[in-house]
Amino acid sequence: MQLTPYLNFDGNCAEAFAFYAKLFGGTIVYQGTFGEMPPSAGAPPIPESARHRIMHVHLQMGDQSLFGSDAMPGADTTCGGYQPPQGLWVSIQAADVAEGQRLFDALAQKGQVVMPFSGTFWSPGFGMTKDRFGTPWMINVVQAG
């Protein structure tokens, strides 16, 4: 079994995933918009304001994946509308302090630092930030030994 985070955005999913692909050295293996979806019997038409939004994106990084999509504009939050992330953090285990610092700095740029990156009693490097897209991240360096 593998757990895969699925991130939700309010119209900037394509921009976020282009950034994540570059930052994490991954490849976007699929990206489709709501406008590219085939018609489905009985489904309401896609609003013009949603046609360019991402219906699903899959970023592959080695044996890890990250998925995402944009919310339907104007939809209720109980029915596919956008709701900012709450109650979770996407956690990254960095191999060393330099890599942890690089990831933290990039994710924190134009975002909001919640806990600055520094050593802790459990790790030589740990920090928490919300990136400029609103996604909350924890960067944790694996303790040596």
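In the predicted model, the charged side chains of the chain comprise 7 positive and 11 negative groups. The centres of these two sets lie 5 Å apart. Two salt bridges are counted in the chain, and each is described below in the setting of the fold.

The secondary structure consists of two helices and eight strands. In sequence order, these elements follow the pattern β-α-β-β-β-β-α-β-β-β. Along the principal axes, the C-alpha atoms occupy a box of roughly 60 × 30 × 25 Å. Contacts between residues at least 6 apart in sequence were also examined; of these, 54% join residues at least 24 apart.

The accessible surface of the chain amounts to about 8400 Å². Carbon and sulfur atoms account for 57% of that surface. The chain has 145 residues, of which 36% count as buried.

One of the salt bridges is formed by the side chains of arginine 53 and aspartate 10, with an N to O distance of 3.2 Å. This pair links distant parts of the chain, the two residues being 43 residues apart. Arginine 53 is located in the loop between β2 (27-33) and β3 (54-61), whereas aspartate 10 belongs to the loop between β1 (6-9) and α1 (13-24). The salt bridge thus connects one loop with another. The partners also differ in their exposure class: arginine 53 is buried, with a relative accessible area of 10%, while aspartate 10 is partly exposed, at 44%. Arginine 53 is classed as buried because its relative accessible area of 10% falls under the 20% cut-off. The value of 44% for aspartate 10 lies between that limit and the 50% above which a residue is exposed.

The other salt bridge joins glutamate 99 and arginine 102, whose closest N and O atoms are 3.0 Å apart. Both residues belong to helix α2 (residues 97-108). Because glutamate 99 and arginine 102 are three residues apart in this helix, about one helical turn separates them. Glutamate 99 is partly exposed, with a relative accessible area of 28%. Arginine 102 likewise counts as partly exposed, at 39% relative accessibility.

The two salt bridges of the chain can therefore be set side by side in terms of sequence separation: arginine 53 and aspartate 10 are 43 residues apart and lie in loops, whereas glutamate 99 and arginine 102 are three residues apart within helix α2.

Methods. Residues are numbered from 1 along each chain as its sequence is written. This is a predicted model: local features need pLDDT of at least 70, side-chain atom pairs count only at pLDDT 80 or more; totals for chains, interfaces and linings use all residues. Side-chain values use heavy atoms; hydrogens and water are left out. A salt bridge is a side-chain nitrogen of Lys or Arg within 4 Å of a carboxyl oxygen of Asp or Glu. Helices (H or I, at least four residues) and strands (E, at least two) are DSSP runs, numbered from the N terminus. Buried means under 20% relative accessible area, exposed over 50%, partly exposed in between (1.4 Å probe, protein chains only). Contact means heavy atoms within 4.5 Å. Accessible areas come from the Shrake-Rupley method with a 1.4 Å probe; for residues, only the protein chains shown count as cover. Lys and Arg count as positive and Asp and Glu as negative; His and the chain ends are not counted. The place of a charge is taken as NZ of Lys, CZ of Arg, CG of Asp or CD of Glu.
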